[in-house]
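Colleague: Could you take me slowly through one part of this model, and then show me how that part sits within the whole? I would like the cut-offs behind each term as you go.

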Amino acid sequence: MQTISESFGILWEALFLQPQPYAAIRDRKNPAGKGFVILIILALTVALVSYIGTLLTWATSPDLNAIQETVLKHLQTMSWWEMMSAQPQAQVVWLQIWDSVWQVMRLLIPSPTSGLMGFILTPLNLLITWIVFGLVAHVMAKIFGGKGQLNQTLGTTALAAAPQLLTLFTVFPLVSLAGIGVWTMLARYMAIRVTHNLSWGRALWVTLLSMLVIFLLLVVMFGVGAAVFSSMLSAAISGGFFDANSF
Amino acid sequence: MQTAFDFIRGVVTLDEQTYRDFLASENVMKRGFLIFLACFFIATFPVFGQTLIRNYQGFTAEDALAIKDQYQSMLQMFPISGAEGMSPEDMMGDFNAGINIGVEISNLPTPLPRPIMAFLQAVGTWISAAIGNIGTWLGYGVIVLLFAKLAGGRGILNLFFGLTALVAVPNLLQIFSFLPFLGPVLIFVAFLWGAAVYIRAVQISQEFSGGKAVVISLLPLLIVLLITACTASAAIGSLASLISQAQ
């Protein structure tokens, strides 16, 4: 219990970009370990709050099947529906597309079961982002003359997730957040500056370049993934795995 | 209470000592952020009331009638030709069907009773309206701070954001935004007053002269306007050349 309250205390101070909480983590015996614990506590809290928000959103929304039926019922009274009825083939295709769109929506609309995924995805997302940014930023900071150790960089950059505290507002339905990205960038800047004792200009470059490198890595990964997927798909089609006439 | 009133009066009258005392206090960004949140929660309270009433009533037949009247008068002013074979009556019929979709969906049952649903959604909308300003405050602030640093400013990150958070104080006027005619005027006054507070905050946090603070504070806005103007003129130019080529 003390660890939880201490973690939230540190995150709350780190949110307001004061150097002290970052310096306190940097000077600990095992900064990365402490950062990991803080991050896990934050991630599970965010996931729990988001799940409550998802439940309330679901409970304050009408049933999707009822919405689908209502929309279709009224679409069928429209003049274009009558025109389309003259071509039964077109109507069949239209109804197939209509059903697929609602199938996709069923996956995207919050529900008590789909919301449970957040308990896995939120911690995973925060942990991967933390480790990747921490490693890239450490290399960048070293290039720019940083003096900190990797253990310290990971410890302080874990605190840069403090703006995620704002997601606690999403316990209510329909809440949209703004500014978490910018706030996180500022917190990362503070973490790098404190850990590596860099000037403001160098710390800014390290922060921006690290984020740029990660963005480029993601672009390359998605590009390679898309290329592999499309080549597998074309090979499957040309190899007769699918009936080409069905496309 | 008297202290709070004196503080607000000092901020809105741009009293230098009020800003300097605030800058010298402890946890400037934390205090600034809490003032920012409090002001915008008060200022956007009418959003809560309006959304609560609207959600509780749902989309009524009167609302539908008002929209239909607007659509009919718009059709009379700007006659729109529909798809081939569609008469104006068909178009009006389709529009009515669309309105009926909205009315029926809005009145579909939800797992939670309607009053609770209306209350929760109103709170969510209210929170979004209030905290939506965080993004602008931080995003604009980062650019201003960068220009200020390049121009020799001496402000520290958290002190700068703490002081510029006072921009929220004149926005308390937005609480009257629901008033017809006077509401939009007061919103405009709050914007201009907020700009004056922002410039004062930049001047004091960066130790700039008045003129320099004005330039640095408005520079990002001028750049955005310049880019928008260039983009718009380029788009209009290419559109004009396309039209002349087509003729």
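Modeller: What follows is a close look at one helix, α10 of chain B, and then at its surroundings.

This is a predicted model, in which local features need pLDDT of at least 70, side-chain atom pairs count only at pLDDT 80 or more, and totals for chains, interfaces and linings use all residues. Residues are numbered from 1 along each chain as its sequence is written, while chains are lettered from A and ligands numbered from 1 in the order in which they are written.

Helix α10(B) runs over residues 182-206, which makes 25 residues; helices here are DSSP runs of H or I with at least four residues, strands are runs of E with at least two, and both are numbered from the N terminus. From its first C-alpha to its last the helix reaches 36 Å, close to the 36 Å expected at 1.5 Å a residue, where the expected span is 1.5 Å times one less than the number of residues. Just after the helix, E207(B) takes a positive phi of about 55°.

The buried residues of α10(B) include A190(B) and W193(B), and then every residue named from V197(B) through Y198(B), I199(B), R200(B), A201(B), V202(B), Q203(B), I204(B) and S205(B) to Q206(B). Buried means that 20 or more other C-beta atoms lie within 10 Å of the residue's own, exposed means 12 or fewer, and partly exposed is in between, with C-beta atoms placed from the backbone. Among the elements that cover these buried residues are α1 (2-12), α2 (16-24), α8 (133-150), α9 (157-164) and α11 (210-246) of chain B. Contact here means that the C-beta atoms of two residues, placed from the backbone, lie within 7 Å.

Two residues of this helix also appear around L166(B), which touches V197(B) and A201(B) as well as V11(B), G32(B) and I35(B), not counting residues up to four places away in sequence. L166(B) belongs, in turn, to the largest nonpolar core, which has 94 residues, and it is listed with L159(A) and A187(A) as having the most contacts inside that core. Such a core is a set of buried Ala, Val, Leu, Ile, Met, Phe, Trp, Tyr and Cys residues joined through C-beta atoms within 7 Å. Its largest share, 10 residues, comes from helix α7 (residues 114-131) of chain B.

Two loops of chain B that adjoin α2 deserve a note. L14(B), in the loop between α1 and α2, has a positive phi of about 60° although it is not a glycine, and it is partly exposed, with 16 other C-beta atoms within 10 Å. N27(B), in the loop between α2 and α3 (28-43), has a phi near 50°, again a positive value in a residue other than glycine, and with 14 C-beta neighbours inside 10 Å it too counts as partly exposed.

Stepping back, chain B has 11 helices and zero strands, and 30% of its 247 residues count as buried. Its radius of gyration is 25 Å, where a compact globule of 247 residues would have a value near 18 Å; the radius is taken over C-alpha atoms, and the globule rule is 2.2 Å times the number of residues to the power 0.38. The C-alpha atoms fill a box of roughly 70 × 60 × 35 Å along the principal axes. An automatic or database domain assignment sets the domain bounds, and for chain B these give domain 1 (2-42 + 132-246) and domain 2 (49-123), with 37 Å between their centres, taken over C-alpha atoms.

Chain A, the partner, has 11 helices and zero strands, and 33% of its 247 residues count as buried. The C-alpha trace of chain A spans about 75 × 45 × 30 Å along its principal axes.

Where the chains meet, 31 residues of chain A are in contact with 37 residues of chain B. On the side of chain A that touches chain B, α3 (31-59), α4 (64-75), α5 (79-85) and α10 (180-196) of chain A give two or more residues each, and the largest share, five residues, comes from α4(A). By class that side has 22 nonpolar, nine polar and no charged residues, with Ala, Val, Leu, Ile, Met, Phe, Trp, Tyr, Cys and Pro counted as nonpolar, Asp, Glu, Lys and Arg as charged, and the others, Gly among them, as polar.
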